[in-house]
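Here is a short briefing on one protein chain. Keep the sequence and the 3D view side by side as you read.

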Amino acid sequence: MRAERAGAPLLAALHACAFPADPWDADAFAALLAMPGAFALIAAEDATPAGFVLARIAADEAEIVTLGVVPRARRRGHGTRLAAAAAAEAQARGAGRLFLEVAAGNAAARRLYGRLGFREVGQRRGYYPDGADALVLALALSPPS
């Protein structure tokens, strides 16, 4: 399901549930969704929102800004489907590569992205509020057919 700016409160609630140590508010989501090339998708489980992805496209590159799945719905494929859907949307909009940052210590997320074909292309030291390093990952997207 696609989320528009009016969905910012729901995205903020999902983000707070998925990332309680660093929640983003609805104003942050509304501002991000107002940016050219931005889009958000929501995954549902039994009609209940279970996760989200927020991405943006600039020129021929795209970035997953944030992706989260609420704890009760984890390990059910939502993260994989959201990342794949973001990649497909980015590709359809003409992006040739999709980037994201992931905490170096987040083994589960790193495995998920690795299975989708993301490869490490850089590192950001002390990127997260807790001081954790981020790995920069990229996925080559095929040209749209």
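R72 touches E45, T48, P49 and A50, once residues up to four places away in sequence are set aside. R72 itself sits in the loop between β4 and α3. Bear in mind that this is a predicted model.

**R72 and its surroundings**

- How exposed is R72? Its relative accessibility is 42%, so R72 counts as partly exposed.
- R72 and P129 are 57 residues apart in sequence. In space, their C-alpha atoms are 24 Å apart.

**Two loop residues with a positive phi**

- D46 is not a glycine, yet D46 has a positive phi of about 55°.
- D46 belongs to the loop between β2 (38–45) and β3.
- The relative accessibility of D46 is 73%, and exposed means over 50%, so D46 counts as exposed.
- A59 is not a glycine either, and A59 has a positive phi of about 55°.
- The loop that holds A59 runs between β3 and β4.
- A59 is exposed, because its relative accessible area is 73% and the cut-off is over 50%.

**Aromatic rings**

- How many aromatic pairs does the structure hold? There are four.
- One of them joins W24 and F29. The centres of these rings are 5.6 Å apart, with 45° between the planes, and the pair is tilted.
- W24 is partly exposed, at a relative accessible area of 26%. F29 counts as buried, at 0% relative accessibility.
- F29 also pairs with F52. Their ring centres are 6.0 Å apart and their planes stand at 85°, so this pair is edge-to-face.
- What does the pair of F29 and F52 tie together? F29 lies in helix α2 (residues 26–33) and F52 in strand β3, so the pair links parts that are 23 residues apart in sequence.
- F52 is buried, with a relative accessible area of 0%.
- W24, F29 and F52 form one aromatic cluster.

**The largest nonpolar core**

- This core has 43 residues. Which of them touch the most other members? They are L11, L98 and Y113.
- Strand β3 (residues 48–58) gives the largest share of this core, with six residues.
- L98 has many partners beyond its neighbours within four places in sequence. Among them are A62, E63 and I64, then A86 and A87.
- Further contacts of L98 include F118, L137, A138, L139 and L141.

**The largest pocket**

- What is the volume of the largest pocket? The value is about 1200 Å³.
- The lining of the largest pocket has 39 residues. Nearest the centre lie F19, L67, N106, A109 and Y113.
- Several elements each supply at least two residues of the lining. They include the helices α1 (8–18), α3 (78–92) and α4 (107–115). The strands β4 (61–69) and β5 (97–103) do so too.
- Which element gives the largest share of the lining? It is β4, with seven residues.
- By type, the lining of the largest pocket has 21 nonpolar, eight polar and 10 charged residues.
- Y113 appears in two places: Y113 lies among the residues nearest the centre of the largest pocket, and Y113 is one of the core members that touch the most others.

Technical notes. Residues are numbered from 1 along each chain as its sequence is written. This is a predicted model: local features need pLDDT of at least 70, side-chain atom pairs count only at pLDDT 80 or more; totals for chains, interfaces and linings use all residues. Side-chain values use heavy atoms; hydrogens and water are left out. On a 1 Å grid over the protein atoms alone, a cavity is a set of points where a 1.4 Å probe fits but cannot get out, and a pocket is an open set with protein on both sides within 12 Å along at least five of seven lines; lining residues have an atom within 4 Å of a point. Grid points are joined across faces, edges and corners, and a volume is the space filled by probe spheres set on the points. Helices (H or I, at least four residues) and strands (E, at least two) are DSSP runs, numbered from the N terminus. Ala, Val, Leu, Ile, Met, Phe, Trp, Tyr, Cys and Pro count as nonpolar, Asp, Glu, Lys and Arg as charged, and the others, Gly among them, as polar. A nonpolar core is a set of buried Ala, Val, Leu, Ile, Met, Phe, Trp, Tyr and Cys residues joined through side-chain atoms within 4.5 Å. Buried means under 20% relative accessible area, exposed over 50%, partly exposed in between (1.4 Å probe, protein chains only). Contact means heavy atoms within 4.5 Å. Rings of Phe, Tyr and Trp (its six-membered ring) pair if their centres lie within 6.5 Å; planes under 30 degrees apart count as stacked, over 60 as edge-to-face and the rest as tilted.
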